[in-house]
Amino acid sequence: MSPSEDTGMLVMQLEYALLDPQVRSDLARLDALLTDDFFEVGASGRSFGKEEVLSRLPTEPVATFAPSAMQAHALTADVILVTYACEHVRLGHAVRSLRSSLWIRDSSGWRMRYHQGTLAET
């Protein structure tokens, strides 16, 4: 099932927002973009819940993200899977990962429920 072009673009814009250093340092914005039961499996292999992400992201050193090949895949009318590759540079060190996120539409709008990053060869 393909998302409507507008819905797919909106969810991808939200995904891009979560890669923006200003959004990553804004606790209120992060809280609004993640579901209360948000869960992440990072490229490091560690798992994180929403509370840990909210306490960690705003204090992390500024990083740059260069996503590519981002696509939105509708699983249902209210669930979209976003997939992409990303180069992440922090403190002069570059890491490439393959990423996927599940976005859920609820009464607050589109919010991320799950995210996973997997290290990729550079």
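Which residue in β6 stands opposite Ser 101? His 115 does. The exercises below work outward from that pair.

This is a predicted model, where local features need pLDDT of at least 70, side-chain atom pairs count only at pLDDT 80 or more, and totals for chains, interfaces and linings use all residues. Residues are numbered from 1 along each chain as its sequence is written, and side-chain values use heavy atoms, with hydrogens and water left out.

**Exercise 1. Lay out the sheet.**

Task: give the strand order and the edges of the sheet.

Solution.
- Step 1. Fix the terms. Strands (E, at least two residues) and helices (H or I, at least four) are DSSP runs, numbered from the N terminus. Two strands pair if DSSP finds at least two bridges between them.
- Step 2. Read the order. The 6 strands form an open sheet, β2-β1-β6-β5-β4-β3, with mixed pairing.
- Step 3. Find the edges. β2 (47-49) and β3 (63-76) each pair on one side only.
- Step 4. Add the twist. On average, neighbouring strands of this sheet are turned by 15 degrees against each other, direction ignored. Axes here are lines fitted to C-alpha atoms, for helices over the stretch in contact, and angles run from 0 to 180 degrees between N-to-C directions.
- Step 5. Place a helix. Helix α1 (residues 5-17) lies across β3, β4, β5 and β6, and runs at about 145 degrees to β3. Contact means heavy atoms within 4.5 Å.

**Exercise 2. Walk from β3 to β6.**

Task: follow the pairing strand by strand, with the bridge counts.

Solution.
- Step 1. β3 and β4 run antiparallel and are joined by 11 bridges. Gln 71 stands opposite Thr 83 in β4.
- Step 2. β4 (residues 79-90) pairs with β5 (residues 93-106), again in the antiparallel sense, over 12 bridges. Here Leu 81 faces Leu 102 in β5.
- Step 3. Check the turn. The β4-β5 hairpin has 2 residues between its strands, and Leu 91 in the turn has a positive phi of about 55 degrees.
- Step 4. β5 and β6 (residues 109-119) pair in the antiparallel sense over 10 bridges. A hairpin joins them through 2 residues.

**Exercise 3. Trace the salt bridges of Lys 50.**

Task: name the partners of Lys 50 in the salt bridges with Asp 31 and Asp 36, and place each residue.

Solution.
- Step 1. Apply the cut-off: a side-chain nitrogen of Lys or Arg within 4 Å of a carboxyl oxygen of Asp or Glu. The count comes to 9 salt bridges.
- Step 2. Take Asp 31. Its closest N–O approach to Lys 50 is 2.7 Å. Lys 50 lies in helix α4 (residues 50-56) and Asp 31 in helix α3 (residues 27-33), so the pair ties together parts 19 residues apart in sequence.
- Step 3. Take Asp 36. Its side chain meets Lys 50 at 3.1 Å, N to O. Asp 36 sits in β1 (residues 34-41), 14 residues from Lys 50 in helix α4.
- Step 4. Grade the burial: buried is under 20% relative accessible area, exposed over 50%, partly exposed in between (1.4 Å probe, protein chains only). Lys 50 is buried at 5%. Asp 31 is partly exposed at 36%. Asp 36 is exposed at 63%.

**Exercise 4. Examine Arg 111 and a network.**

Task: find the salt-bridge partner of Arg 111.

Solution.
- Step 1. The partner is Asp 106, with the closest N and O atoms 3.0 Å apart.
- Step 2. Asp 106 is partly exposed at 28%, while Arg 111 is buried at 12%.
- Step 3. Now the network: Arg 24, Glu 40, Arg 56 and Glu 60 are joined by salt bridges that share partners.

**Exercise 5. Classify the ring contacts.**

Task: describe the aromatic pair and the charge over Phe 48.

Solution.
- Step 1. Rings of Phe, Tyr and Trp (its six-membered ring) pair if their centres lie within 6.5 Å; planes under 30 degrees apart count as stacked, over 60 as edge-to-face and the rest as tilted. The count is 1 aromatic pair.
- Step 2. Phe 39 and Tyr 114 form a stacked pair, 6.2 Å centre to centre with 20 degrees between the planes. Phe 39 is in β1 and Tyr 114 in β6, 75 residues apart.
- Step 3. Both are partly exposed: Phe 39 at 35%, Tyr 114 at 22%.
- Step 4. Arg 56 lies over the face of Phe 48, 4.2 Å from the ring centre. The rule asks for NZ of Lys or CZ of Arg within 6 Å of the ring centre and within 35 degrees of the ring normal.
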